[in-house]
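Notebook open, coffee poured. I want to jot down what I look up in this one as I go.

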Amino acid sequence: MRNHPPAPARIAGMLASLVAAALLAAGSASGGASTAQGAAGRNEEIAMTVGKSVILDHPDEIARISIANPEVADAVAVSTKEVLINAKAPGITTLVIWSRNGERNFFTLNVGANLQQIEQQIRSTFPGEDIQVLVSNNAVSLTGHVSSPVVAEKAAAMVATLGRTVVNNLSYAPPAEKQILLRVRFAEVQKSVQEQLGANILSTGALNTPGSISTQQFGPAHPADVTGTIGGTVTGTSTTFTLNDVLNIFAFRPDLNLAALIKALQSKNLIQILAEPNLIATSGKEAAFLVGGEFPFPVIQGGANAGAVTIQFREFGIKLTFLPLLTSNQTIKLHVRPEVSSLDFANALTISGFTIPALSTRRVETDVELSAGQSFVIAGLINQQVNETFNRLPGLSNIPLLGNIFKSRNLQKNNSDLLVLVTPEFPVPLGVGEKPPEPHFSVPFMPMDYDPTKKPSASNKP
């Protein structure tokens, strides 16, 4: 037989059980809310620079950490509530931290490049250039003014190593074409020496024999009319000779009917030519200069107009053609072609009564690279010619002493030397208001107020 407690006791036990169950339910609800809050956590963004470190303080004890891309940054828990973050390369990654109470926190690491290092590289590479580097989000902007588009392109290439989009806002003025002045001096010396020696002997009837003795080198005399009777007397017979050249010395003895024509001549010639042309051209463009003239040159046509003659003009004189090019080292690369030519009538050609002279030409073509103000000399263009002609009569020319009468000699020596001096420079233009230099004349020109009735003053006298 069981003993049952009284009714009030049973009621109190039931109430206690209900209260305990309510408290347990409340505790379970509170624990579930805390777990949900830890799962949601927080999401923050941290901006960093490559090569620098940041210490992150965490309010709760850290259970473990994880980073999405360790190549961008790495994280190390140095204590239970501190995390050391090291920025390694430009980019974006995520850091997750778990607390011991189950809470998870998310951090977005935005690692940017070290702009100070890039700016120092730009200043050292392009000194004197106005270049600023600005970073906004995932783009890098270049602003300022530079001297040339080449500098702008190279600066953008250096910033592109940051791994971000490059916006190139650098401005520059259009590049001015550099002008180059070329000073050229032509100096030519021509020397010629000629020696001529010879004799012609003419008999108009000496020993009753008209005739002549000559080496045929210096214009011998030719009998134009000789009359006489073979086998008879020659008294009173007349002879006629035509003299093409009396040479230097001519002597005639009518009583002896003998004449002598002697060629004895020495000549020396000297010609000096000096020209100083100056040319200005822009880099990469050819310039030409000519001091001389043009002579007509007949050209025979072919085809439908076969046989027709047209006239073309050929240049002669002092000619200069050069092509300058300014290099990145501020040196001047030159393609130079100087030329000196003159009319050569000694080698002329006669066609249909027209004399066409030949051209005696000295030409040089070369490539050099110089700094402004430096000079180079083209020398050694020497032309030496020796022409000797010797004629004699065999047998008679071997007679001692008298044999020299039957010899003739013509010696000619020519010597020419050409020197070309080239100096490139950068011309400096005159400023506004500066008076340009005027040409100097040894004899002044007639002034505008010239009055022929008045005597010139002392200042106007040449």
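Which residue lies over the face of Trp 98? I checked, and Arg 64 is the one, at 3.8 Å from the ring centre. Before going further, a reminder to myself that this is a predicted model.

**Entry: the whole chain**

I started with the overall tallies. The secondary structure of the protein chain comes to three helices and 24 strands. There are 462 residues, and 25% of them are buried. For the accessible surface I noted about 30,300 Å², with 56% of that belonging to carbon and sulfur atoms. I also looked at how contacts spread along the sequence. Taking contacts between residues at least 6 apart, 60% join residues at least 24 apart.

**Entry: rings**

Next I went through the aromatic side chains. The count comes to two aromatic pairs. One that I wrote down is Phe 295 with Phe 297, which is edge-to-face: the centres are 6.5 Å apart and the planes make 85°. Which residues do the ring pairs link into a cluster? They are Phe 295, Phe 297 and Phe 316.

Then I asked myself: is Phe 295 buried or exposed? Phe 295 has a relative accessible area of 7%, so I log it as buried, the cut-off being under 20%. Phe 297 comes out at 24% and is therefore partly exposed, as that class runs from 20% to 50%.

Phe 297 turned up again when I searched for charges over rings. The charged end of Arg 314 sits over the Phe 297 ring, 4.2 Å from its centre. So my page for Phe 297 now holds an edge-to-face partner in Phe 295 and a charge from Arg 314 over the ring, on a residue that is partly exposed.

**Entry: a sheet**

I moved on to strand pairing. In what order do the three strands of the open sheet run? I read 2-5-4, with antiparallel pairing. Strand 2 (53-57) and strand 4 (73-77) are the edge strands, and each pairs on one side only. From one strand to the next, the twist averages 20°.

How many bridges join strand 2 to strand 5? I find five, with strand 5 covering residues 82-87 and the two running antiparallel. For one residue-level detail, I looked across from Ser 53 and found Asn 86 of strand 5 standing opposite. A general note for the margin: strands of a sheet pair through backbone hydrogen bonds, either parallel or antiparallel.

Conventions
Residues numbered from 1 in each chain as written. Predicted model: local features only at pLDDT ≥ 70, side-chain atom pairs only at ≥ 80, totals over all residues. Heavy atoms only, no water. Helix = DSSP H or I, 4+ residues; strand = E, 2+ residues; numbered from the N terminus. Buried < 20%, exposed > 50% of the residue type's maximum accessible area, 1.4 Å probe, protein only. Contact = heavy atoms within 4.5 Å. Areas by Shrake-Rupley, 256 points an atom, 1.4 Å probe, with all protein chains shown as cover. Phe/Tyr/Trp six-rings, centres within 6.5 Å; stacked < 30°, edge-to-face > 60°. Lys NZ or Arg CZ within 6 Å of the ring centre and 35° of its normal. Pairing = 2+ DSSP bridges. Axes fitted to C-alpha atoms, helices over the stretch in contact; angles between N-to-C directions.
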